[in-house]
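Reader: I would like a close look at one part of this model, the paired strands and the sheet they belong to, and then a careful account of how the rest of the picture fits around that part. Please take it slowly and name the residues as you go.

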Amino acid sequence: MARNYVRFLALILAISICSEAAIFRPISDSHRSAALDLFKPIDGSFSSLEETYEALRTFEVLGIGNKLDISASTCRSVVEVLGSSSSNLKDLFYALKNQGILKCAIKEEILKGVSSKLEAAVNGASSLPDFYYSVGGLVLIKDQTPEVNVLLDDAEGVFRSIKALSQSDGRWRYSSNNPESSTYAAGMAFEALAGVISLAPSEIDQSVVATVKNDVVKLFDSIEKYDDGSLYFDEKTVDAHEYQGPIFVTSSVIRGVTAFAAVVSGSLKLPGDNMVSIPLIVSLPATVLSLTQKDQLKVSVSSVLGSDAPPLTVKLVQASSSSSKGASIIENQELKFDGDSSFHVLDALPDSVDIGKYLFTFEVVLYDSENEKVYTTGGKTQVPIFITGFVKIDSPEIAILDSDLGSIETQKKLDLAGENSVALSANHLQKLRLSFQLSTPTGKAFKPLQVIIKLRHESNVEHIFLMGNSGKQFEIILDFLGLVEKFYYLSGRYDIELTVGDSVMENSLLNALGHIELDLPEPPEKAARPPAQPIDPHSRYGPKAEISHIFRAPERRPPKELSLGFLGLTLVPLIGFLVGLLTLGVNLKNFPSSAVPATFAALFHLGIGAVLLLYVLFWLKLDLFTTLKAVGLLGIFLMFVGHRVLSHLASTSS
Amino acid sequence: MARTTTKDAQALFQSLRSAYASTPTNLKIIDLYVMFAVFTALIQVAYMAIVGSFPFNSFLSGLLSCVGTAVLAVCLRIQVNKENKEFKDLPPERAFADFVLCNLVLHLVIMNFLG
């Protein structure tokens, strides 16, 4: 959160000393929406007063009028913090900062109480953050409510105690106990010192102030530089937890130095041309100008946050072509300011300007020399510009030539602006010639990036040729005798396609010219085969061919009647057996007559019958395990019963 | 010579028949049972010869059921025959119980293999 706020603040107050500034764009809606995304309140309020202040200030700077949603809850917490006696210095400080933006209704007594608390804190402070928050709070109260009398009794003593924390290299320590120093702390210290000076009832000793000025100069010795020339401050020793980046540090230093410079008399001698200025940015709405549409060159100058620039002139110092080694075609033209659209406009490009890629160099000249202290223009701004136009295509024609002699067999004129469909035929002894002339609107020769002719066979094998030029004339001669192998000896119909294109050509074309029937000789044994054409990518994932499964031919089954006949035939021996038994005169005389053995005998026979029935069921529907279980049970029963019967029979017969 | 052979065969056949008549009835019953089993087997083989051996497992189980039960019946006959000195001490009821048990086991296996 701090980064976002700091970034915007830094842009306002940053020193941008650069000789060749990069292209900047002023603040736009994308920045605003980014800020809204970054600062999202949870349940209508932010997690801390510090964050609330950052959000409010960012919205204020960017011009987002979204404060109303959070102002109610913020005012409540501000009043609460200011009224409470147990708030710490940091909370009081940020509560007062929020109050500065929101201007909540706060009673004078509360502010008086806060002010006396802060005064006590100033006198009792020992660490830099304490000084910073308490002095800062007092300055805020003084600015916001002039009725409350803010007094700093021992201003000089406070000044000296803050100064005591400084180091010889220009950086500041956070407290006398902690030997760590940081550039960020230096910024805080300058701001606090500036506050002390502004709150002091009487003048502070100038010699002490002079030593602080020296500290500022010493700090600026440690300034670092990016590749594009912009300067920044960064911490030397990096504490991984606290490190917030060069923007954070730089903005703190700038805030401090600005505040200090505002309250001291005399000026601070700082390296560099400008002190603190508002940078002006040159931006172009369109970098592609069309000669056919007679586009005008428009330039707008504004500050980073999009506010209007002071009266100034934009001068086009130089326009040089990228290709012809910097020969400038325009020099020192002043652009007219159009008040309605607030653009600086170049009336008309000179007639000698041709299509192509150019580098335009702009310079901003302020009317009022006083403004030069306030604004910085960033020197010369270079912008790449494309000038596009209509390329004239003259006398396009296609011809079939006989080899060697070069006599024309067929010649056809083409209309490259419209439809063409020529029908040519040639054999391998002839040549194909395509020619035309290209010229720019000013009549000069023009070489586009792409001049390609493509021949595509019926089987989708393509051949691409680049056309060369000499001056305005573009020509290609395809000698089929030499190309027979390249064409894979494929005879047949070839479609001809011509492509002429460039980024500055407004009438780039990709035209089908027609077709040519080529008659090539038969391929020899070892000729290269044409490359396989890419398979339709969708077919890889589409359904595959249906597989017809080959099943084993089913066994030949006998006719039903035969099977049934043999079933009957199988029963015949059984009948024979029974008949034989009757012939033998079997009887059941040995069947036990007395009751108990008789029952056992009956059970024995029933048991055997049950087992056989079980077997039938097993065949029909049961599985082996059930059957085995049942057989086991029946077997035990059967054994017991059988034993009884048979032992009885054995005893009776013996 | 041929007449003597035929006459000898006839005489042999007659003597066999008369000798067989004196066998006890229970042995005759067992013999009849064996004949029944063998004939059933022969009919199954004839069927297989006609229609082919698919499904082979069914054919085998049917055939072996007949053959198995015939074999068990022959064993029973040996054990029950009073003139057989070897099994003098074995009571015929015991032999019959064995016969029944072995048949039941055989038929369980047969039914499983029948498919």
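Author: In this predicted model, strand β8 (residues 312-321) of chain A runs antiparallel to strand β12 (residues 356-366) of chain A, and nine bridges hold the pairing. One point at which to check this by eye is S320(A), whose bridge partner in β12(A) is L359(A). The two strands belong to an open sheet of five strands in chain A, which reads β6-β14-β12-β8-β9 in order and has mixed pairing. At its edges are β6 (288-290) and β9 (328-334) of chain A, each of which pairs on one side only. From one strand to the next, the twist of this sheet averages 25°.

Chain A holds another open sheet of five strands, which follows the order β17-β24-β23-β19-β20 and again shows mixed pairing. Here the edge positions belong to β17 (422-427) and β20 (462-466) of chain A, and because each has a single partner strand, one side of each is left without a neighbour in the sheet. In this sheet, too, the twist averages 25° from one strand to the next. The partner of the edge strand β17(A) can be followed in detail, since β17(A) and strand β24 (residues 509-519) of chain A run parallel and are joined by six bridges. Within that pairing, N427(A) has D519(A) of β24(A) as its bridge partner.

Turning from strands to charged side chains, a search of the whole structure, taken over all chains, finds 15 salt bridges. One of them joins R255(A) to E191(A), with the closest N and O atoms 3.3 Å apart. R255(A) sits in helix α11 (residues 246-263) of chain A and E191(A) in helix α9 (residues 183-199) of chain A, so this pair ties together parts that lie 64 residues apart in sequence. A salt bridge is also formed by K218(A) and D215(A), whose closest N and O atoms are 3.5 Å apart. Both K218(A) and D215(A) lie within helix α10 (residues 206-220) of chain A, where three residues, about one turn of the helix, separate them.

The contact between the chains remains to be described. Chain A contributes 32 residues to the contact and chain B contributes 27 residues, while the area buried between chain A and chain B comes to about 2,700 Å², with carbon and sulfur atoms giving 84% of it. Of the area that chain A buries against chain B, 22% is supplied by F566(A), F577(A) and Y615(A), more than by any other three residues. The elements of chain A that give two or more residues to the side touching chain B are α15 (560-584), α16 (595-620) and α17 (624-653), and the largest share, 11 residues, comes from α15(A). Sorted by class, that side of chain A has 25 nonpolar, five polar and two charged residues. Across the interface of chain A and chain B, zero salt bridges are found, although two residue pairs are in polar contact there, both at pLDDT 80 or more.

Notes:
Residues numbered from 1 in each chain as written. Chains lettered and ligands numbered in written order. Predicted model: local features only at pLDDT ≥ 70, side-chain atom pairs only at ≥ 80, totals over all residues. Heavy atoms only, no water. Contact = heavy atoms within 4.5 Å. Buried area = accessible area lost by both parts, 1.4 Å probe. Salt bridge = Lys/Arg side-chain N within 4 Å of Asp/Glu carboxyl O. Polar contact = N/O pair within 3.5 Å; in protein donor to acceptor, adjacent residues only side chain to side chain. Helix = DSSP H or I, 4+ residues; strand = E, 2+ residues; numbered from the N terminus. Nonpolar A, V, L, I, M, F, W, Y, C, P; charged D, E, K, R; others polar. Pairing = 2+ DSSP bridges. Axes fitted to C-alpha atoms, helices over the stretch in contact; angles between N-to-C directions.
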